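Let's take a friendly walk through the charged side chains of this model. Please have your viewer open and follow along from one residue to the next.

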Amino acid sequence: MRICMMEGPVDLVPEGATWEGIADRIGELAPDLLVTNEMPFGPWLAAGPAYDPALAAESVRLHGAGLRALAALGLPAVVSSRPVPAGGRLANEAFALQDGRYTPLHHKQMFPEEPGFFEATWFQPAMQGFEVFEVGGIRLGVQLCTELMFNERARRYGRDGAELIVVPRASGASVGRWLTAGAMAALVSGCYVVSSNRAGRTADGQVFGGRAFAFQPDGEPLAQTTDSESIVVVDVDPARSRAQQSRYPCYVRE
């Protein structure tokens, strides 16, 4: 199975030359599954310390257009996230597109609250739980950005039969901690871990660190994006994940 991961540029819109270049490159790679970065279109809402209904509505609208652009890629499956209205704020909803069919997968439930990432101000979940879904022929769970720091969730995904954990991110300049978290998530779950991230500097100076990455079920690195390759495809074998889940440390009971 071929999985595509990417660095999504800041303020990406689902039309125009930048998007067309991304779409063309993804088409050349012909993945079975594309994993995008977290809420990939438009400005990063959580940069602002106060909830703004007008900005929220615009982001919802732009991601609606983004859904149509992602569907137009014609891929067997896409996993991404988008803002959806939720009780006076927004929910960050991970979803799958499979042959154009939309399936909600997960609402982000763990939020930072600090400069550049005032997510607890902007978001709240309207859906609970960390469920496993079959998407594009592989069983997967979602950890949205900060949720990757919670190893118990990754471990539970492995126990629940996931073969892949996808991690759409919008994380800052520091990359090392995310690589450590990705390796640990793979190690404790026995799953492949694939993560895409927002990349670049905004007009206000906020930096997103890029560096999409993939880890094997034993926690060893599989691939990363680079300065010259911002969209990368990896080959995964779900049988390797199932085999790893009978090995150390996955078999150890709590």
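A salt bridge here is a side-chain nitrogen of Lys or Arg within 4 Å of a carboxyl oxygen of Asp or Glu. The model you see is predicted, and by this rule it holds nine salt bridges.

Let's begin with K108 and E38, whose closest N and O atoms are 2.9 Å apart, making a salt bridge. This pair links distant parts of the chain: K108 sits in the loop between β5 and β6, E38 in the loop between β2 and α2, and 70 residues separate them. Are these two residues buried or exposed? Both K108 and E38 are buried.

Helix α2 offers another pair to look at. Here E58 and R61 lie three residues apart, about one turn of the helix, and their side chains meet in a salt bridge with an N to O distance of 2.8 Å. E58 has a relative accessible area of 38% and is therefore partly exposed, as partly exposed runs from 20% to 50%. R61, at 48% relative accessibility, also counts as partly exposed.

Next, turn to R242 and E163, a salt bridge in which the closest N and O atoms are 2.7 Å apart. R242 belongs to helix α6 (residues 238-244), while E163 is in the loop between α4 and β10, so the pair ties together parts that are 79 residues apart in sequence. The two partners fall into separate classes of accessibility: R242 is partly exposed at 49%, whereas E163 is buried, with a relative accessible area of 7%. Salt bridges can also share partners, and in this way R25, E28 and E229 are joined into one network.

Now for an arginine without such a partner. R198 is found in strand β11, which covers residues 192-201. R198 is buried yet has no salt bridge. Why does its nearest side chain of opposite charge, D11, not count as a partner? D11 is 4.8 Å away, and a salt bridge needs the two atoms within 4 Å, so the pair does not qualify. What does lie close to the side chain of R198 is the backbone oxygen of G42, 3.0 Å from one of its polar atoms.

R198 also helps to line the largest cavity, together with M39, F41, P43, W44, L45, S59 and H63. The volume of this cavity is about 30 Å³. Its lining divides into five nonpolar residues, two polar and one charged.

Terms used:
Residues numbered from 1 in each chain as written. Predicted model: local features only at pLDDT ≥ 70, side-chain atom pairs only at ≥ 80, totals over all residues. Heavy atoms only, no water. Helix = DSSP H or I, 4+ residues; strand = E, 2+ residues; numbered from the N terminus. Buried < 20%, exposed > 50% of the residue type's maximum accessible area, 1.4 Å probe, protein only. Lys, Arg positive; Asp, Glu negative; His and termini not counted. Polar contact = N/O pair within 3.5 Å; in protein donor to acceptor, adjacent residues only side chain to side chain. 1 Å grid on protein atoms, 1.4 Å probe; cavity = no way out; pocket = protein on both sides within 12 Å on 5 of 7 lines; lining within 4 Å. Points joined across faces, edges and corners; volume = space filled by probe spheres on them. Nonpolar A, V, L, I, M, F, W, Y, C, P; charged D, E, K, R; others polar.
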